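I opened my notebook for a look at strand pairing and cysteines. Here is the structure I had on screen.

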Amino acid sequence: MSEDIRLDLGRRQRIGMVEAVWGEHKSADQITAVMLGLHRAGELALVTRVTAEKAAEVERQLADHIGTDGAVPPPEHHPLARCLTWPGPPPADPAFGRVAVLSGGTSDLAVASEARLALACHGVASDLVLDVGVAGLHRLLGELEGLRRAKVLIACAGMEGALPTVLAGLLPQPVIGVPVAVGYGVSAGGQAALMGMLASCAPGLTVVNIDNGYGAAMAALRILLLGSGETSATREQGP
């Protein structure tokens, strides 16, 4: 492996989550090397922000290493989430319960999908509740009964970013807000949504960075690990 790649193979043992690889500014060669290193260590590889073209090149390079006879499953590209995984996510662990991932509209779907995939890579089941933005508040109110069954709520929203505040004022679970870079002019690439969520008057709302579906999923995972009575030391085995 290249000397400029240093894998964090102890992350699952330390904090209960696998290392995620930021793919947007890495070459296909670098991503391939990282995924091979994780695979050889028996760890799941999750690479975020990968275009379809780069994913195809990584898949081609990995096929040169592992062959195409089916003995080793190929990596999987998740177009909506813009991610690569290898191997696929493990079965969901019922001890975690479920997370609800909500989006204000379909424009938020890529960020919501990244969050759901990151959860799945850690054995956490999730439900997608789509198009419940506050412009049509009745749509969200009609989902409240089902949302009460979720352990954690992740709310992805652009424009003014009001959805997490409304959720945190209506439901008792932890709510994690994800500002999304969607909106006209003064939305400023998600800055308005970020500032609105940070300035929320709903107590206890957690907010991650713009478009950071992965970060929201890991915040939810930390909550779930405590709630399930598990620690990083009890989840040492990979998927």
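Entry 1, partners of a residue. I began with A20 and found that A20 stands opposite L46 in β2. A note to self: this is a predicted model. I then followed L46 the other way, where L46 stands opposite T85 in β4.

Entry 2, the strands themselves. I looked up how β1 (residues 20-22) and β2 run, and they are parallel, joined by three bridges. For β2 and β4 (residues 83-86) I also noted three bridges, but here the pairing is antiparallel.

Entry 3, the connection. Which hand does the unit of β1, helix α2 and β2 have? I traced β1, then α2 (residues 28-40), then β2, and wrote down a right-handed β-α-β unit.

Entry 4, the faces of β2. Are the two faces of strand β2 covered or open? I checked residues 45-48 and found both covered. A45 and V47 are buried on one side, and L46 and T48 are buried on the other.

Entry 5, cysteines. How many disulfides are there? I counted zero. For C121 the nearest cysteine sulfur belongs to C83, and it lies 7.8 Å away, whereas a disulfide needs the two sulfurs within 2.5 Å. So C121 is in no disulfide.

Entry 6, cysteine exposure. Are C121 and C201 buried or exposed? C121 has 1% relative accessibility, so I put it down as buried. C201 has 72% relative accessibility, and therefore I put C201 down as exposed. The cut-offs I used were under 20% for buried and over 50% for exposed.

Technical notes: Residues are numbered from 1 along each chain as its sequence is written. This is a predicted model: local features need pLDDT of at least 70, side-chain atom pairs count only at pLDDT 80 or more; totals for chains, interfaces and linings use all residues. Side-chain values use heavy atoms; hydrogens and water are left out. Buried means under 20% relative accessible area, exposed over 50%, partly exposed in between (1.4 Å probe, protein chains only). Two strands pair if DSSP finds at least two bridges between them. A crossover is right-handed if, with the strands pointing away from the viewer, the path from the first strand over the helix to the second runs clockwise.
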